[in-house]
Amino acid sequence: DTEWCVQAGVDPAAFLKRFGPRVWHLHVRNSANKVWSEHLGEGAIDHLEIARALREIAFDGWLMLEDAWDGKRKLQLSFEERARQGREAMREWFGV
């Protein structure tokens, strides 16, 4: 999970480069200042760097867009809109 790596103080791209052969699927979520973002395109995690790391390790597993809410802020977007924006970000960053 990209966001849990960040919460733990671990660089997700470096983690993938080190443990890539053991990673079969990846949850993709974003955050800023340890607050979960409402949609994937909003936040501070460098998903372009993560995408580069995935290409470097020839990752062929599952990428899962994670829609989660921690209750720290009021949601402004519908589930459908969060999914649409997340899908656009996944396509742009990961080419999927």
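In helix H3, the residues His47, Ile50, Ala51, Ala53 and Leu54 are buried. They span an arc of only 160 degrees around the axis, which means that they sit on the same side of H3. On the other side of this helix, Arg55 and Glu56 are exposed. The structure discussed here is a predicted model, and helix H3 is a useful place to enter it, since the buried residues of H3 pack against H1, H2, E1, E4 and H4.

From the helix we can turn to the nonpolar interior. The largest nonpolar core holds 16 residues, and those touching the most other members are Leu16, Leu26, Val28, Leu40, Ile50, Leu54 and Phe94. The elements that contribute two or more residues to this core are H2, E1, helix H3 (47–56) and helix H4 (79–94).

Strand E1 shows how a strand can offer one of its faces to the interior. In a regular strand the side chains alternate between the two faces of the sheet. Along E1 this alternation appears as follows: Leu26 and Val28 point to one face and are buried, while His25 and His27 point to the other face and are not buried. E1 runs parallel to strand E4 (residues 62–65), and 4 bridges join the two strands; within E4, Leu63 is the bridge partner of Leu26. Leaving aside neighbours within four places in sequence, Val28 is in contact with residues that include Leu40, His47, Leu63, Met90 and Phe94.

Just past E1 the chain enters the loop between strand E1 (25–28) and strand E2 (31–32), and Arg29 is found in this loop. Is Arg29 buried or exposed? Its relative accessibility is 3%, so Arg29 counts as buried. Arg29 lies over the face of Trp36, at 3.9 Å from the ring centre, and, with neighbours within four places in sequence left aside, the contacts of Arg29 include Asp1, Glu3, Trp4, Trp36 and Glu66.

Trp36 leads on to the aromatic pairs, of which a search of the whole structure finds 2. In one of them, Trp4 and Trp36 meet edge-to-face, with 6.0 Å from centre to centre and 85 degrees between the planes. Because Trp4 belongs to helix H1 (residues 2–7) and Trp36 to strand E3 (residues 35–36), this pair ties together parts that are 32 residues apart in sequence. Trp4 is partly exposed, at 48% relative accessibility, whereas Trp36 is buried, at 15%.

The rings of Phe15 and Phe19 also pair, and with their centres 4.9 Å apart and their planes at 45 degrees, this pair is tilted. Both residues lie in helix H2 (residues 12–19), where they are 4 residues apart, about one turn of the helix. An α-helix has 3.6 residues a turn, so residues three or four places apart point the same way. Phe15 is partly exposed, with a relative accessible area of 32%, and Phe19 is likewise partly exposed, at 25%.

A last stop brings us back to H3 by way of another tryptophan. Trp93 lies in helix H4 and counts as buried, at 15% relative accessibility. Although Trp93 and His47 are 46 residues apart along the chain, their C-alpha atoms are separated by 6.6 Å. Not counting residues up to four places away in sequence, Trp93 touches Asn30, Leu40, Gly41, His47, Leu48, Ala51 and Arg55; among these, His47 and Ala51 are buried residues of H3, while Arg55 is exposed on the other side of that helix.

Conventions. Residues numbered from 1 in each chain as written. Predicted model: local features only at pLDDT ≥ 70, side-chain atom pairs only at ≥ 80, totals over all residues. Heavy atoms only, no water. Phe/Tyr/Trp six-rings, centres within 6.5 Å; stacked < 30°, edge-to-face > 60°. Buried < 20%, exposed > 50% of the residue type's maximum accessible area, 1.4 Å probe, protein only. Lys NZ or Arg CZ within 6 Å of the ring centre and 35° of its normal. Contact = heavy atoms within 4.5 Å. Core = buried A, V, L, I, M, F, W, Y, C linked by side-chain atoms within 4.5 Å. Pairing = 2+ DSSP bridges. Arc of directions from axis to C-beta.
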